[in-house]
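Work through the exercises below with the model open beside you. Try each task before you read its solution.

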Amino acid sequence: MNGKRVKCLEPYGWALSPQFRGRGLGVKVMQRLMDLGKPMFAVGGSEDTARVLPKMGWITPGHVRVFALPRSGRWLRRKLEPRGRIVSELGGAAFGLGGRLAFRVSPARSKSRWESVPLTSFDPKASELYAASSFHEIIASSDAQILDWVGRLPRPGQYLYFEFREHGERRAFGVARVIFSKEGITGDIVDLFAARPDVEVYPHAIREVAVTLDGFGVEAIVASTSCPVLQQALKASRFIPGHSHPVRVAWPASFGPFPSGPVHIGRGGADLLFRPG
């Protein structure tokens, strides 16, 4: 927050036996957490969450938008199944006819001033970009040790780390992973962050990460972000915007006024890094 690291709480999962529902137990637990006096962030939630949290003083400073870049007709058919078999089959067939061209991803031009450097592990120094941000007021920063640790776990899938340099200087970093499941192979852009997100760095980073994920034979590449600049860059890179999740914040008065600038939240929060898919 404004160049300072602040520890926050993030509630992301609730489990309540049916016989205890309707008694306000969830509200009591949330109030107890708020009484700890720490900032709290939550992304999305149920209809009850949307109804109750504003009454408890939570604000909504932005939304996390989900994006997807189709890489196969099979994936598109599966996503269109809720709309009916005919729509699903037509969508898959249309991708086979012209989808690869419509959603193509090309490597960066050799004369670009940006250089992409693949890393074997997450470089903790990349986190220094969070403190150097000149655009975002609030950043949900991914923990460097966790990002490095999850990449070393003996599990299906693979984490990929990138550094993006301008004239030899680090300007942005990226984290992605390849997810193997019974439904196929998916590429997941966990986080892309630039301290100064100008009009070139994000399109370049998206292109390089997508080309690398394509090499694994992924059927789709997914991403999500609350950053307005990164959202525009994803749209410009042919990613299809999907549903959005509200970012909800409980901000104690002891921390002063809530910053009014852009918020950066990616896919590295809650328990997403630990899920197999």
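A salt bridge here is a side-chain nitrogen of Lys or Arg within 4 Å of a carboxyl oxygen of Asp or Glu. The model is predicted.

**Exercise 1. Salt bridges**

Task: State how many salt bridges the structure holds, then place Arg-71 and its partner.

Solution.
- Step 1. Seven salt bridges are present in the structure.
- Step 2. In one of them Arg-71 pairs with Asp-214, with 2.9 Å between the closest N and O atoms.
- Step 3. Arg-71 sits in the loop between strand E2 (59-70) and helix H3 (73-80), while Asp-214 belongs to helix H7 (residues 201-214), so the pair ties together parts 143 residues apart in sequence.
- Step 4. Buried means under 20% relative accessible area. Arg-71 has 3%, so Arg-71 is buried. Asp-214 has 24% and is therefore partly exposed.

**Exercise 2. A pair between strands, and a network**

Task: Locate the salt bridge of Arg-177 and Asp-188, and classify both residues as buried or exposed.

Solution.
- Step 1. The N to O distance between the side chains of Arg-177 and Asp-188 is 3.3 Å.
- Step 2. Arg-177 is in strand E6 (residues 169-181) and Asp-188 in strand E7, 11 residues apart.
- Step 3. Arg-177 has a relative accessible area of 5%, so Arg-177 is buried. Asp-188 is buried too, at 3%.
- Step 4. Elsewhere, shared partners join Glu-166, Glu-169, Arg-171 and Arg-196 into one salt-bridge network.
- Step 5. Within it, Arg-171 meets Glu-166 at 3.2 Å, N to O. Arg-171 is partly exposed at 31%, whereas Glu-166 is buried at 10%.

**Exercise 3. The sheet**

Task: Give the strand order of the open sheet and explain why strands E1 and E3 each have a side without a neighbour.

Solution.
- Step 1. The sheet has eight strands in the order E1-E9-E2-E8-E7-E6-E5-E3, and the pairing is mixed.
- Step 2. Strands E1 (40-43) and E3 (114-119) stand at the edges with a single partner strand each, so one side of each lacks a neighbour in the sheet.
- Step 3. From one strand to the next, the twist averages 25 degrees.
- Step 4. E1 runs antiparallel to E9 (residues 240-250), and four bridges join them. Phe-41 stands opposite Val-249 in E9.

**Exercise 4. Asp-191**

Task: Find the strand that holds Asp-191, and the side chain that Asp-191 contacts.

Solution.
- Step 1. Asp-191 lies in strand E7 (residues 184-194).
- Step 2. Its relative accessibility is 5%, so Asp-191 counts as buried.
- Step 3. The Asp-191 side chain makes a polar contact with the side chain of His-264, at 3.0 Å.

How values were computed: Residues numbered from 1 in each chain as written. Predicted model: local features only at pLDDT ≥ 70, side-chain atom pairs only at ≥ 80, totals over all residues. Heavy atoms only, no water. Helix = DSSP H or I, 4+ residues; strand = E, 2+ residues; numbered from the N terminus. Buried < 20%, exposed > 50% of the residue type's maximum accessible area, 1.4 Å probe, protein only. Polar contact = N/O pair within 3.5 Å; in protein donor to acceptor, adjacent residues only side chain to side chain. Pairing = 2+ DSSP bridges. Axes fitted to C-alpha atoms, helices over the stretch in contact; angles between N-to-C directions.
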